[in-house]
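Open your viewer and get ready to click along. Each stop tells you what to select and what you will find there.

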Amino acid sequence: MMDRNLSTVSASFTKSDLAKYPFLKESARYFSPIDLQIEDLISPDMHQILDRAMERVTLAITNFTVRPSNTEKHVIKDLQKEIFSFPVAIMLVAATNNSLIKKRYALAEAKQATSEMSLEPKDLLLKIAFDFGWKITLSPPDSKYEFTLYFTSFLQNASHFHAAKWKLINRKLSEGNVYLNKHDVERLLQEEIKQRIEKRLNNITLDQYPPEISEKAEELKKLAAENLGQGETDFPKIIIQEAFPPCINTLYAAASKNHHLPHMGRFALTTFLVNIGMSAESVTELFKSFSDYNERLTRYQVEHIAGERGSGTKYTCPQCSILQTHNVCKNRDDFCKRIYHPLKYYKNKTDILSQNQSETPKENSDNKNS
Amino acid sequence: MSSRDFVYSKFSEFYNNPSTVIPAPSSLEQREFAYLMFKERFMVRHKRFENIQAFQNVLTRNVPSDVYHSCTYYEKPDLEMDKKGWIGSDLVFDIDADHIPTSCGKIHDEWICQKCKFSGKGITPEECPVCSSDKFSVKTWPCDLCIESTRVETAKLIDMLTKDFGFATNELHVFFSGHRGYHVHVENEAVRSLDALSRKEIVDYITGLGLSVLDRDTKEKFAKSKKRGVTAKNFKLGDYGWDRRLKIGMAKLLSSATSDELKSLGLKNNNLFKNKDVILKRAIEENRWDTVSGVSMATWLKLVEQVKILESANIDTVVTTDVHRLIRMNGTLHGKTGLLKTEFAAHQLDAFDPFTQAVAFKKGTAKVLVSDAPKFRMGGATWGPYKNVKVVLPTAAAIMLILKDRAEVST
Ligand code: SF4
Ligand SMILES: [Zn+2]
Ligand SMILES: [Zn+2]
């Protein structure tokens with residue numbers, strides 16, 4: 001009864017749409033803020049919902065999906081439960097306070113949505129895109145491309161992709177519009193959905209969760225530790241110059257020859273060194289040994305980049321595509337073809353180097369282990 | 001009076017003159033203002049003003065050599081960077097002869113190695129040929145050819161911004177920079193909030209970085225087939241974006257270049273020249289690329305590469321991707337020339353003459369001892385070349401020579 005009243009007010013999505021795409025703004029009308037009282041979540045009535053929420057996150061961690069494979073697409077039995085399980089899942093994930101789980105969950109939800117969207121008619125996609133504020137229109141039936149999207153909406157999502165076909169320069173851009181087919185739009189929406197969910201997850205900052213939620217969050221963290229590994233930030237304890245990517249070697253060589261580095265080069269070198277584990281102190285020392293430099297300024301800049309000053313955020317090294325834009329990507333080698341980030345280059349190379357080391361004759365590795 | 005004092009007094013007169021009008025930037029109260037003190041040579045930053053009059057009062061009092069405001073809109077522009085509260089930023093482009101090859105070869109620029117004092121003319125080398133230091137003092141010169149080269153780049157940029165990006169001409173603000181180049185500011189609600197990564201994609205579009213005309217499958221097929229000299233099936237160009245630009249650029253190049261000119265661009269396959277009418281008509285006009293014989297995929301791709309270089313615009317990549325950028329303020333003096341940063345309508349790009357329309361000092365003369373200056377224009381007349389001579393010049397010309405380190409005030 002209540003649902004029907006509401007749906008006449010804004011009849012844009014059906015309840016079954018919202019069960020499939022619970023991240024849409026409109027699904028909020030199926031759970032008022034009062035429903036979201038934490039005490040309610042753990043009441044016996046909510047048990048099923050909590051179970052389904054737990055299932056969402058568990059599947060995200062183990063199978064990169066949020067719906068059991070035996071659920072037929074389009075057939076969701078209890079729509080209300082399905083919709084409601086989403087904000088609860090968000091709560092669970094936020095309670096883990098683990099960025100790896102957050103990322104994984106957001107991506108799994110987004111991927112699920114994309115596979116649903118591939119079966120939908122174009123005008124539903126359009127409505128979903130409107131929910132994200134896109135400036136998008138459906139092309140007339142006889143045109144070669146199915147959608148036209150204003151380039152800013154395109155860039156906000158496509159700029160995160162690495163494949164050549166997602167670069168704006170390789171797109172049909174005319175009068176501010178990018179011409180796209182349905183598949184492209186689904187892929188871009190996936191990115192948008194992922195970002196929205198990540199944002200929601202990061203906006204929840206509760207000091208304390210009810211014990212039932214915290215318990216489940218602990219379970220999830222264990223599950224994640226078994227399935228997701230440690231993330232990628234663990235670099236070797238010592239600096240291995242042999243594993244530096246060509247761009248960084250070039251900058252390093254120029255700096256040590258006392259050459260002036262353009263701003264972006266200096267920034268790339270500093271952030272790279274700080275991120276692979278060099279202290280701000282030693283980076284400053286390093287620059288000092290190089291040149292007639294301004295000590296106070298260098299120290300200030302390096303400490304700022306290392307997050308020891310100002311806002312306290314540590315700057316990360318720019319990805320390859322940024323260094324390419326500013327002509328800092330120099331002497332690219334074969335190894336570069338498989339990475340998008342200088343830090344990834346370093347990580348992979350150090351892994352290979354240490355593997356080669358452990359593949360040395362048996363007695364050696366025995367020695368090490370003893 | 002020292003030369004610096006002379007210029008200072010003129011700058012002061014300019015900012016104190018009631019008829020000097022400095023146009024207010026949009027949303028002035030959300031922007032950060034900054035200026036370089038003429039004598040003390042330090043930058044005053046993080047200033048906020050309620051209106052243009054308040055800022056003009058500061059200029060009158062302080063007489064800076066260079067004046068800037070942020071392209072960025074902030075909640076609190078007067079706080080330090082981390083606390084300003086970023087709202088958005090205009091999309092800005094800077095085209096400067098310093099960063100692009102020009103047809104004059106910069107023969108008028110002089111560089112001196114700071115370490116060993118070795119000097120030369122033309123483009124500053126990467127390192128000193130004598131002591132291999134890379135620190136130079138450079139005396140630049142805004143010559144007509146330098147400015148012409150930047151004008152050509154600016155025209156290409158404006159064409160892309162209007163046709164491909166669809167900006168209306170009233171959203172584009174085009175300026176002579178006051179030195180040797182142009183600025184284009186795009187003020188449009190939708191671009192304000194773009195992050196650095198999205199702006200980078202716009203930069204890559206303008207500069208032609210990462211262009212790949214073949215889709216992945218074709219590329220792989222082509223890489224595998226080592227056959228040369230065969231007609232390239234699968235090569236085609238569409239009607240939008242860079243595909244369209246490439247077609248226009250190819251037509252331009254092929255219909256005007258001689259066989260030798262094509263060769264000098266590395267386009268050695270003479271069929272491009274011999275069959276150019278077929279290419280222009282059947283391929284470029286009618287999109288029947290596969291009917292052109294004697295042009296291989298490799299040749300098409302080489303042609304694309306050359307045309308891309310010709311059709312892309314050489315902008316400063318850092319300026320456009322920086323979402324906290326300060327930019328010279330419209331209507332203020334450039335400390336290296338005494339010329340004004342001046343706005344004009346986009347369609348006036350060809351007609352605008354910096355050496356008459358960006359001149360701030362229109363009255364009076366000054367006697368200067370010129371050490372070395374090429375022939376130059378100023379205020380509708382031509383002057384020089386000069387070598388170690390005393391001359392009486394119009395104020396604007398004298399100021400430019402002094403600021404360019406080419407002359408001293410003489411008695
Ligand atoms: S591809 Fe990336 S890692 Fe390799 S040189 Fe270029 S910027 Fe460096
Ligand atoms: Zn030298
Ligand atoms: Zn020149």
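Start by selecting Ile112(B) and Ser137(B): these two residues stand opposite each other, with Ser137(B) in strand β9(B). Keep in mind as you look around that this is a predicted model.

**Stop 1: a sheet in chain B**

Now widen your selection to strand β7 of chain B, residues 110–113, together with β9(B). The two strands run antiparallel, and 4 bridges join them. Which strands make up the whole sheet, and in what order? Add β8 to your selection and you have the answer: 3 strands of chain B form an open sheet in the order β8-β7-β9, with antiparallel pairing. Color β8 (119–121) and β9 (136–139) of chain B to mark the edges, since each of these strands pairs on one side only. Then rotate the view: on average, neighbouring strands of this sheet are turned by 20° against each other, direction ignored. As a bit of background, strands of a sheet pair through backbone hydrogen bonds, either parallel or antiparallel.

**Stop 2: where the chains touch**

Next, show both chains. The contact takes 30 residues from chain A and 29 residues from chain B. On the chain A side, pick out the elements that give two or more residues: α8 (151–158), β3 (173–174), β4 (177–180), α12 (263–275) and α15 (320–325). Which of them gives the most? That is α8(A), with 4 residues. Color this side of chain A by residue class and you will find 10 nonpolar, 15 polar and 5 charged residues.

**Stop 3: two helices in chain A**

Select α11(A) and α12(A), whose axes come within 10 Å and cross at roughly 110°. An angle from 65 to 115 degrees counts as roughly perpendicular, and therefore these two helices, α11(A) and α12(A), are roughly perpendicular to each other. Show the side chains that make the contact: Cys247(A), Ile248(A), Leu251(A), Tyr252(A) and Ala255(A) come from α11(A), while Gly265(A), Ala268(A), Leu269(A) and Phe272(A) come from α12(A). By class, this contact has 8 nonpolar residues, 1 polar and no charged ones.

**Stop 4: around ligand 1**

Finally, select ligand 1 and the residues around it, which include Cys247(A), Cys320(A), Leu323(A), Arg332(A) and Tyr345(A). Three helices of chain A give two or more residues to this shell: α11 (246–256), α15 and α16 (342–358). How many residues of the shell are nonpolar, polar and charged? There are 9 nonpolar, no polar and 1 charged.

Conventions: Residues numbered from 1 in each chain as written. Chains lettered and ligands numbered in written order. Predicted model: local features only at pLDDT ≥ 70, side-chain atom pairs only at ≥ 80, totals over all residues. Contact = placed C-beta atoms within 7 Å. Nonpolar A, V, L, I, M, F, W, Y, C, P; charged D, E, K, R; others polar. Near = placed C-beta within 6 Å. Axes fitted to C-alpha atoms, helices over the stretch in contact; angles between N-to-C directions. Parallel < 35°, antiparallel > 145°, perpendicular 65-115°, else oblique. Pairing = 2+ DSSP bridges.
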